[in-house]
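Please open the structure in your viewer and keep the sequence beside it. This tour suggests what to select at each stop and then says what is to be found there.

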Protein chains: 2
Amino acid sequence: MSSTISAQNAEYMKHLGEKARKAATILAKTPAQVKNNTLNTLADLLLKNAEKIYLANEKDLIAGKEKGLSEAFLDRLTISEKVLNQMCIGLKQIAGLNDPIGEILEMKPQPSGIQVGRMRVPLGVIGIIYESRPNVTIDAAALCLKSGNAVILRGGSDARCSNQVLGECIQEALRLNYLPEESVQVITNPDRELVGALITARKYVDVIVPRGGKSLISRLMEEATVPMIKHLDGICHTYVDMSADLELAWKVCDNAKTQRFSPCNAMETLLVNKNIAAIFLPKMASIYLEKGVELRCDPESREILTDAGFDDIKTASEEDWSTEYNAPILSIKIVSSVDKAIEHINQYGSKHTDSIITNNLVSSQKFLREVDSSSIMLNTSTRFADGFEYGLGAEIGISNDKLHARGPVGLEGLTSLKYIVIGHGELRK
Amino acid sequence: MSSTISAQNAEYMKHLGEKARKAATILAKTPAQVKNNTLNTLADLLLKNAEKIYLANEKDLIAGKEKGLSEAFLDRLTISEKVLNQMCIGLKQIAGLNDPIGEILEMKPQPSGIQVGRMRVPLGVIGIIYESRPNVTIDAAALCLKSGNAVILRGGSDARCSNQVLGECIQEALRLNYLPEESVQVITNPDRELVGALITARKYVDVIVPRGGKSLISRLMEEATVPMIKHLDGICHTYVDMSADLELAWKVCDNAKTQRFSPCNAMETLLVNKNIAAIFLPKMASIYLEKGVELRCDPESREILTDAGFDDIKTASEEDWSTEYNAPILSIKIVSSVDKAIEHINQYGSKHTDSIITNNLVSSQKFLREVDSSSIMLNTSTRFADGFEYGLGAEIGISNDKLHARGPVGLEGLTSLKYIVIGHGELRK
């Protein structure tokens, strides 16, 4: 990605951008029924064109193997029958959600006589940048369409044949429902400069949503001038308070760490109140060690575990407290109070998701109020930080930012509220 | 403003930033009562220190006169008894508003058993950059304090003596109420590089709110890397529909243009439906001309007015449609339908505030839904676009942006919503 864009690429982005802007004007006023029909048509078209899609995907896979891409990478790139079916299920689910657009929030009369309310409207044009995962092409297009936004999609270049065919299916679905084809535009040109052009196209793009790993996002942050809805690290904590129900704590801490290791909402650091550490920690450690989790302890917790007969427990370094492992590794620290737990989390955490296990009302209120993260939990697993689990119906990403959208971002995160004012000839005095 | 910051200024900003971050942690959990007491204490201190404030202000005024600043500039710089009293009234009003912090929006049970809601929290540290208007120092400090945010204020250097004394009063009020002095920090060092340092201090500042003219804001936009809540142009329209109540239309259009000429929410372009133009325009023109408003008309409206006996009506140029006059000048255009009016507004407007005058339900609904501006009005004056008129209780600015805050921004615009999740030992499956 370069900070100067060639004239040709700038021209191409202008072309895409102008078309997207036009399409956005139409999408903003498209009724829910038409948007839902388009999503259902697309699901049908994906099944109808399954062979064509597999063939294009096969091309990407062959090129990827030749290029020596990793197994995990190729796995994410693959459109199996199961993946295709999941795309269709996803489309039908999004079609089934309530249309967020046009909703009017409150309508309050003011002393002057005017009534003031807010109406939910689309953001306009969204740019989505993602890795070589073709399912994101369908998912992102569907979320943007449902929320009345035009979208420009730029997937990883290793998926370009797949994205090309998926893009054709999307545009056919749009055409069949009399919506502008340019509502969803897929950039399959592998030139990386186009990513740079997209994230700086302030005139045409209202927000960028990157979907992918931390390295992708940090790279985009360097150069983007269009605002982004993004998330970086997920360094999530669970704090087991003095008045925790220990049975509950063992189960929840187990789930938060071991249900899956790689997601951003998995726990990375366990904080334990000093008054219950000697009872709580040994059983907790057995659960983790049995599941192959490496423990990195502060001196106090290490001593407790060593005294309880655990050998070779590692000592955590200062760096461990700010590390997102995404792996079967857990750092453990003893704290003297809920205040110290909050202090540790606000210092070392990533403002993602943190949980307290307690039966004490004051501790729980303090924790919920004072931890400065996008999701704060009480007596449950950090793994619940997710758009579907939160009842948003869909998720375009999780935001660590404080402005606009914070935490799991559903359709609402792709909308804005404008003021509407109903008068009866009132004049300003 | 330069894009490289000297080591000394970088160090100074780091110093301010770290202190602001610490103060923000405390403010976030400060009860409403303490914040309100502080605002009331400050009002008392301003009156108690009135002589000291006038003296410092006098110094600024003398220096300003020597420098040859304009009358209008010096007027805004002046702290008269009236201005000081207004500061105190403003403080007491803000103290009287509900505390936005800690509010919990809905708390919905999910299929898993967890309950999910959102809690309103401060943004953290706010940077405010403004021109040489010392009243903004008090107003901005009060809004940030009430919304639980720490703030770094950088006012115009021509007001530095005034701001110095006002800053001392603020810090004394904080001290007297046991809040950290660094909750409000005033930069009085006139070095312009410090503005550059503030708007790029992403680590320490969560959002910049510039308060001032378009030139200040465009300049800041060039270099800021901290997100901004800002507004640029106010090119506001009124569209008089075919089914308008003409008596109402004359009054509202008069008010929208002439009640005051300089505010951003004053009308700049009047759009008139062709079917009523011949009846509506002549009387409208007399009203405007009597008040000294210059009319710049498209050929059709010019013809109507000429036929009606008006001489020397100017022809609008293409540029007029996208000009914010902030002056007794109005552009007028005939359109054939509400659709054409919407098209014109979305093309030439600034997404600020636009109004339709009509008694037709379909036209009104279309206009409210399809005009892409931060405030859309029906049968009333664009001059109502204002935080106080909207019942927000206060206004930190008006935002033309779509992300985060749109339209008049009150205390809520300085807050964020975090998710809170209450569980009972639920595990993710």
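The stops below go from the relation between the chains to a sheet, one of its strands, a helix and two cysteines.

Bear in mind throughout that this is a predicted model.

**The two chains.** Begin by colouring chain A and chain B separately. A rotation of 180° with 0.0 Å of shift along its axis places chain B on chain A, with an RMSD of 0.0 Å, and that is the relation of a two-fold axis. To find where the axis passes, select H404(B), whose C-alpha, at 1.8 Å, comes closest to the rotation axis of the residues of chain B. If you then select the interface, you will find that 100% of the interface residues of chain B are also interface residues in chain A, so the copies meet through the same surface.

**A sheet with strands from both chains.** Next, show the open sheet of 10 strands, which has mixed pairing and follows the order 10(A)-9(A)-11(A)-8(A)-7(A)-12(A)-13(A)-16(B)-2(B)-1(B). Strand 10 (314–315) of chain A and strand 1 (104–109) of chain B stand at the edges, each with a single partner strand, so one side of each is left without a neighbour in the sheet. Within this sheet, select strand 9 (residues 294–297) and strand 11 (residues 329–335) of chain A, which run parallel and are joined by four bridges; C297(A) has I332(A) as its bridge partner in strand 11 of chain A.

**Strand 16 of chain A.** Now select residues 415–422 of chain A, where eight of the eight residues are buried, so strand 16 is largely enclosed by the rest of the structure. In a regular strand the side chains alternate between the two faces of the sheet. Here T415(A), L417(A), Y419(A) and V421(A) are buried on one side, and S416(A), K418(A), I420(A) and I422(A) are buried on the other. Strand 16 of chain A pairs in the antiparallel sense with strand 2 (residues 115–122) of chain A over eight bridges, while four bridges join strand 16 of chain A to strand 13 (residues 375–378) of chain B in parallel. Y419(A) is a useful residue to centre on, since R118(A) stands opposite Y419(A), and Y419(A) also stands opposite S375(B) in strand 13 of chain B.

**Helix 10 of chain A.** Select residues 246–258 of chain A, a helix that lies across strands 7, 8, 11 and 12 of chain A and runs at about 160° to strand 8 of chain A.

**Two cysteines.** Finally, select C236(A), which is buried with a relative accessible area of 0%, and C264(A), which is buried with 18%. Over all chains, a search of the whole structure finds zero disulfides; the sulfur of C264(A) is the nearest cysteine sulfur to C236(A), 6.7 Å away.

Conventions:
Residues are numbered from 1 along each chain as its sequence is written. Chains are lettered from A and ligands numbered from 1 in the order in which they are written. This is a predicted model: local features need pLDDT of at least 70, side-chain atom pairs count only at pLDDT 80 or more; totals for chains, interfaces and linings use all residues. Side-chain values use heavy atoms; hydrogens and water are left out. Two strands pair if DSSP finds at least two bridges between them. Helices (H or I, at least four residues) and strands (E, at least two) are DSSP runs, numbered from the N terminus. Contact means heavy atoms within 4.5 Å. Axes are lines fitted to C-alpha atoms, for helices over the stretch in contact, and angles run from 0 to 180 degrees between N-to-C directions. Copies are superposed by least squares on the C-alpha atoms of residues with pLDDT of at least 70 in both. Buried means under 20% relative accessible area, exposed over 50%, partly exposed in between (1.4 Å probe, protein chains only). A disulfide is a pair of cysteine sulfur atoms within 2.5 Å.
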